[in-house]
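Here is a walk through one protein model, from the overall make-up down to single side chains. Have the viewer open and follow along.

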Amino acid sequence: TSTIDGAQGLILDAGTLGDIDLQGIVGTTALTSLSATGAIITLEKAVTTTGAQSYTGATTIDGNLTSTASGAIKVDGAATLGTGPVTVQTAGLLATDDITFTSTIDATIFGLQGLILDAGTGIIDLKGIVGGGATPLASLSATGDTITLEKAVTTTGAQSYTGVTSFTQNSGAAINSGAGNISITTDSIALGANITGTGTIL
């Protein structure tokens, strides 16, 4: 129910039926790593490690996820952004400082939660639909060496992609920013679907 600190790694395994609820800040003194496996994982505050973070299960993210030295951050399961904007950031100094979401990413409330992903020289791979159905994100900003969007991305506001960006979805779903701008800063773009919105493509 409170903070978790110390320069050691932490593994939490509640199996496929148990839940994990981290109610306090994790890593005021950064952990070396964190691995959590459960049916439902709730991160109510920020999590800071010097190394990798891994979450396997349906994960609600209410605070920023940060790896400060080296290591990837992976969410393997449906992700929901909690009460406010969320930043997921690796140190970005190594090619292995990746950010991966294997399933959907949704807001809790229509257009209220934004997401910032910063992998530096690492790779960002979003494998599931982002902001689908009735819960689009407020905005999405992604920075990485390579950014891969494997499914549709929907926001009510701006989208920004900085890095070699591939839109690989083949289901006909679009990248939709509502009234917000779409900004792509890269030397290479691969399109596999439509990009739509009433804002501007920069």
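## Strand pairing at the start of the chain

Two strands count as paired here if DSSP finds at least two bridges between them. By that rule, strand 1 (residues 9-13) pairs with strand 4 (residues 33-43) in the parallel sense, over five bridges. If you want a spot to click on, L10 stands opposite L34 in strand 4. Keep in mind as you look around that this is a predicted model.

Strand 4 has other partners too. Strand 2 (residues 19-22) pairs with strand 4 over four bridges, again in the parallel sense, and there D21 stands opposite T42. Then there is strand 6 (residues 53-61), which runs parallel to strand 4 and is joined to it by eight bridges. One residue pair to look for in that stretch is T37 with its bridge partner T56 in strand 6.

## The overall make-up

How many helices and strands does the protein have? The count is zero helices and 21 strands. Of the 202 residues in the protein, 43% are buried. The protein exposes about 8500 Å², and carbon and sulfur atoms supply 55% of that area.

As for how the chain meets itself, take the contacts with a separation of 6 or more: 33% of them are between residues 24 or more positions apart.

## Strand 10 and its two faces

Strand 10 (residues 86-89) is a handy one to inspect side chain by side chain. V86 and V88 make up its covered face, while T87 and Q89 are on the uncovered one. That fits a familiar rule: in a regular strand the side chains alternate between the two faces of the sheet.

Strand 10 also has pairing partners. Strand 7 (residues 65-67) pairs with it in the parallel sense over two bridges, with T66 matched to Q89. Strand 13 (residues 115-118) pairs with strand 10 in the parallel sense over four bridges, and here T87 stands opposite I116.

## The nonpolar core

In soluble globular proteins, nonpolar side chains tend to be buried together. In this model the largest nonpolar core holds 39 residues, and F101, L117 and Y161 are the ones that touch the most other members.

L117 is worth zooming in on. Leaving out residues up to four places away in sequence, L117 touches V88, I99, F101, I124, L126, L140, S141, A142 and T143. V88 in that list belongs to the covered face of strand 10, and F101 is another of the core residues with the most contacts to other members.

## A lone aromatic pair

Which aromatic rings pair up? A search of the whole structure finds one aromatic pair. It is formed by Y161 and F167, whose ring centres are 5.8 Å apart and whose planes sit at 90°, so the pair is edge-to-face; the cut-off for that label is over 60 degrees.

Both rings belong to buried residues. Y161 counts as buried because its relative accessibility is 0%. F167 is buried as well, with a relative accessible area of 2%.

## A threonine under cover

Buried or exposed: which is T100? T100 is found in strand 11 (residues 99-101). Its relative accessibility is 16%, so T100 counts as buried, given that the cut-off is under 20%.

What does T100 touch, not counting residues up to four places away in sequence? Its contacts are I73, K74, V75, D125 and K127.

Technical notes. Residues are numbered from 1 along each chain as its sequence is written. This is a predicted model: local features need pLDDT of at least 70, side-chain atom pairs count only at pLDDT 80 or more; totals for chains, interfaces and linings use all residues. Side-chain values use heavy atoms; hydrogens and water are left out. Rings of Phe, Tyr and Trp (its six-membered ring) pair if their centres lie within 6.5 Å; planes under 30 degrees apart count as stacked, over 60 as edge-to-face and the rest as tilted. Buried means under 20% relative accessible area, exposed over 50%, partly exposed in between (1.4 Å probe, protein chains only). Contact means heavy atoms within 4.5 Å. Accessible areas come from the Shrake-Rupley method with a 1.4 Å probe; for residues, only the protein chains shown count as cover. A nonpolar core is a set of buried Ala, Val, Leu, Ile, Met, Phe, Trp, Tyr and Cys residues joined through side-chain atoms within 4.5 Å.
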